[in-house]
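The following exercises ask you to read a model in careful steps, with a worked solution after each task. Please keep the coordinates open while you work.

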2 protein chains.
Amino acid sequence: MVTIRDVANRAGVAISTASYALNNDPRVSEETRRKVLKVVEEMNYRPNAIARSLKRKKSETIGLFLNDFGGPFFSSVIQGVEEVVSSNGYNLVACSTYGGNHNTTTNRFLQEKQLDAAIILGPNIPDELIVQVASKDFPVVVMDRELKAEHVHSVLVDNEQGAYTATRHLINLGHRKIAYLSGPVNSYNNQKRLVGFKRALEEADIAFQSAINVQGHFTEHGGYQVMKSLLMSKNVPDAIFSANDEMAIGAIQALTEAGIRVPQDVAIVGFDDIRLSSYIRPALSTIGHPKQEWGTVATHVVFQTLQDPSEQSRSIMLDTELIIRDSCGAALQST
Amino acid sequence: MVTIRDVANRAGVAISTASYALNNDPRVSEETRRKVLKVVEEMNYRPNAIARSLKRKKSETIGLFLNDFGGPFFSSVIQGVEEVVSSNGYNLVACSTYGGNHNTTTNRFLQEKQLDAAIILGPNIPDELIVQVASKDFPVVVMDRELKAEHVHSVLVDNEQGAYTATRHLINLGHRKIAYLSGPVNSYNNQKRLVGFKRALEEADIAFQSAINVQGHFTEHGGYQVMKSLLMSKNVPDAIFSANDEMAIGAIQALTEAGIRVPQDVAIVGFDDIRLSSYIRPALSTIGHPKQEWGTVATHVVFQTLQDPSEQSRSIMLDTELIIRDSCGAALQST
DNA sequence: GATTAACATCGAAACGTTTCGAACAGGCAT
DNA sequence: ATGCCTGTTCGAAACGTTTCGATGTTAATC
């Protein structure tokens, strides 16, 4: 491995001079700089980023922690993050947090100071770990929870408002018996969406029926299963608000198989606006949110804090949008 | 920041002893080890991974280079990679290679020895860079090209055979005028798929018509556009082999809009078996390949080479599978 | 011709670890 | 007493950079 010492020797200068030359320090003369750069070229020298990070106490790398690379809209979020990170001349590493507390990658990157900042979209990282690692020169942005702590910022989708809008929409279409197709009960997103759902019901004087509040684990298969059992119990609602699109798609499948028409017999609205939603039949009405922007905003917060570490903790909420397609029946009524 | 020196001081031992204690070296007595670990706990000490990497010349991290996190099946590949990496106690970082040669992340991680190995699925990383960085203690696995060089291994999908099977299938169904819906001409995947396509035609004594060899950039929109213009030119084929599913989906959209029935008027087969393919109507017949396994195999090769650096360069080819749904018309004929 | 300033270069310390070789203490056999 | 293990601990050098403070040169000023 060729080091800066080799370069310095060959160029006939001190190590420090070589280093200055490489870092465009104005002290070094144009002549020496050229000499050094020529040798660098000849020897194909590459600075060792690890040694540099050790000395500078900066890695110019920010970490994005995801619990699941396979998720349906994470790719959009990553693209947003990537865009801002690289436009700032920083590097991005994406780390999987799969595997919970014993995950070595998470602990290693988060606790062992290999990064300059972290963006978190992995609910299985505990709050305590986050507040522990966040510090003046290690800002953290969370996208999957509210967490009020020093040097921790949050960028969130307005789950509650979105769920409220979706439910409200179903109520306006004349539905009264509306089921909530729930994600994992301890999920932050699910909790907020449930709150919005309940608020809309309450406003319309509809009682919340826990019998038709069923849990589908945020997966297509879960949605399918749960819908199946709801059908068995003969407890079929007029309408369904699904806490995400995946489950809604599974539910539609189950309904269709049972000969129940969507939206004529049961109307359904989802949440997330994943790509698949506009392709299935009937096309899924849903609550959309700006996935890529979500990533860019979070990343901007990171860089602002990096530039001005005295920055206050911020909390940003992104708006959602009702997307009407076929599964809610609104298009049908209006014609 | 609390360092090992602080720990050593507080515990009343030498730095080296503290280090040995932390690394379970048998030299240190049980008593001292406990004393050190207690102090570690008290002070909440975390070793600095950067300093360790510098000294050990190992980062226990492997890098996965992707040109596009948003791709439709990359998430499956990543999951496969992640699984093997973490089961070996290593860390995974995923780096975007978006932006071509000037991409700093790529250069930095690849050239500046922050990693122990690399897996590459980003065609915009030039061959020269790969052979330059591959070395005895830095194995590289490519998944997006053939590249014969020392310390470079390849794990590939059998594009040619897959394309051959798909085309052959269309021919067997009685089609003679078959269009090739092409990806970027310089793409390795596209080239191989084209070869397989041509081989099938040749075998059946069908001339390759360059007029219906059209380029759709591997995107849905590209497939849609290209199909539109093919329809304008009145040069409509009996059947289409699309070099990937995305383009096939766009093409079906264009055909449907023009009132042309799939598969009755035009049969179509894609490549990749992305998730969407089984949801669209008509469901897309395609060539499937084991995406997650692709990742796990590549990663196994990495670890084998890491364990035995004298390992020969390997080249592994994964089989594909014809998946018959509705768009090719086979299901229709058989009933 | 002495004084100063500006410029270019250098040596050495530091970043936080790991690890080599030496040192020390105690126990045992000579 | 001497020598030699064995078990434990230690000091110091290294890893490849960056950066502080010092040093030497040269040219400009009085």
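**Exercise 1. Determine how far strand 2 of chain B is covered, and on which faces.**

Solution. Strand 2 (residues 91-96) of chain B is mostly covered, since six of its six residues are buried; strands here are DSSP runs (E, at least two residues) and helices are runs of H or I with at least four residues, both numbered from the N terminus. Buried means under 20% relative accessible area, exposed means over 50%, and partly exposed lies in between, with a 1.4 Å probe and the protein chains only. In a regular strand the side chains alternate between the two faces of the sheet. On one side B:Asn91, B:Val93 and B:Cys95 are buried, and on the other B:Leu92, B:Ala94 and B:Ser96 are buried, which leaves both faces covered. Strand 2 of chain B pairs in the parallel sense with strand 1 (residues 61-66) of chain B over six bridges, where pairing requires that DSSP finds at least two bridges between the strands. Within this pair, B:Ile62 stands opposite B:Leu92.

Before going on, note the conventions: this is a predicted model, in which local features need pLDDT of at least 70 and side-chain atom pairs count only at pLDDT 80 or more, while totals for chains, interfaces and linings use all residues. Residues are numbered from 1 along each chain as its sequence is written, chains are lettered from A and ligands numbered from 1 in the order in which they are written, and side-chain values use heavy atoms, with hydrogens and water left out.

**Exercise 2. Describe the open sheet of four strands in chain B and the helix that packs on it.**

Solution. The order of the strands is 7-6-8-9, and the pairing is parallel. At the edges are strand 7 (213-215) and strand 9 (267-269) of chain B, each of which pairs on one side only. From one strand to the next the twist averages 20°, axes being lines fitted to C-alpha atoms (for helices over the stretch in contact) and angles running from 0 to 180 degrees between N-to-C directions. Strand 8 (residues 239-242) of chain B is joined to strand 9 of chain B by three bridges, and B:Ile240 has B:Ile268 as its bridge partner. Helix 9 (residues 188-203) of chain B packs on the sheet and touches strand 6 (178-182) and strand 8 of chain B, with its direction at about 170° to that of strand 6; contact means heavy atoms within 4.5 Å.

**Exercise 3. Identify which residues come nearest to DNA strand D, and through which atoms.**

Solution. Of the 30 residues around DNA strand D, the nearest are A:Ile4, A:Ser19, A:Tyr20, B:Ala14 and B:Thr32, a residue being near if one of its heavy atoms lies within 4 Å. Sugar and phosphate make up 56% of the atoms of DNA strand D that come within 4 Å of the protein. A backbone N or O atom of A:Ile4 is 2.7 Å from a phosphate oxygen of DNA strand D, a polar side-chain atom of A:Ser19 is 2.7 Å from a phosphate oxygen of that strand, and for B:Thr17 the corresponding side-chain distance is 2.9 Å.

**Exercise 4. Find where DNA strand C is approached at a base, and where at phosphate.**

Solution. A polar side-chain atom of A:Lys55 lies 2.9 Å from a base nitrogen of DNA strand C. Phosphate oxygens of DNA strand C lie 2.7 Å from an N or O atom in the side chain of A:Thr32 and 3.4 Å from one in the side chain of B:Asn23. Helix 2 (15-22) and helix 4 (49-56) of chain A, together with helix 2 (15-22) and helix 4 (49-56) of chain B, give two or more residues each to the surface near this strand.

**Exercise 5. Locate the backbone exceptions at B:Pro282 and B:Asp272.**

Solution. Most residues other than glycine have a negative phi, and most peptide bonds are trans. A cis peptide bond nevertheless joins B:Arg281 and B:Pro282, with omega about -10°. B:Asp272 has a positive phi, near 125°, although this residue is not glycine. B:Pro282 lies in the loop between strand 9 and strand 10 (286-288) of chain B, and B:Asp272 lies in the loop between those strands as well. With a relative accessible area of 5%, B:Asp272 is buried.

How values were computed
A polar contact is a pair of N or O atoms within 3.5 Å; within protein, one must be able to donate a hydrogen and the other to accept it, and residues adjacent in sequence count only if both atoms are side-chain atoms.
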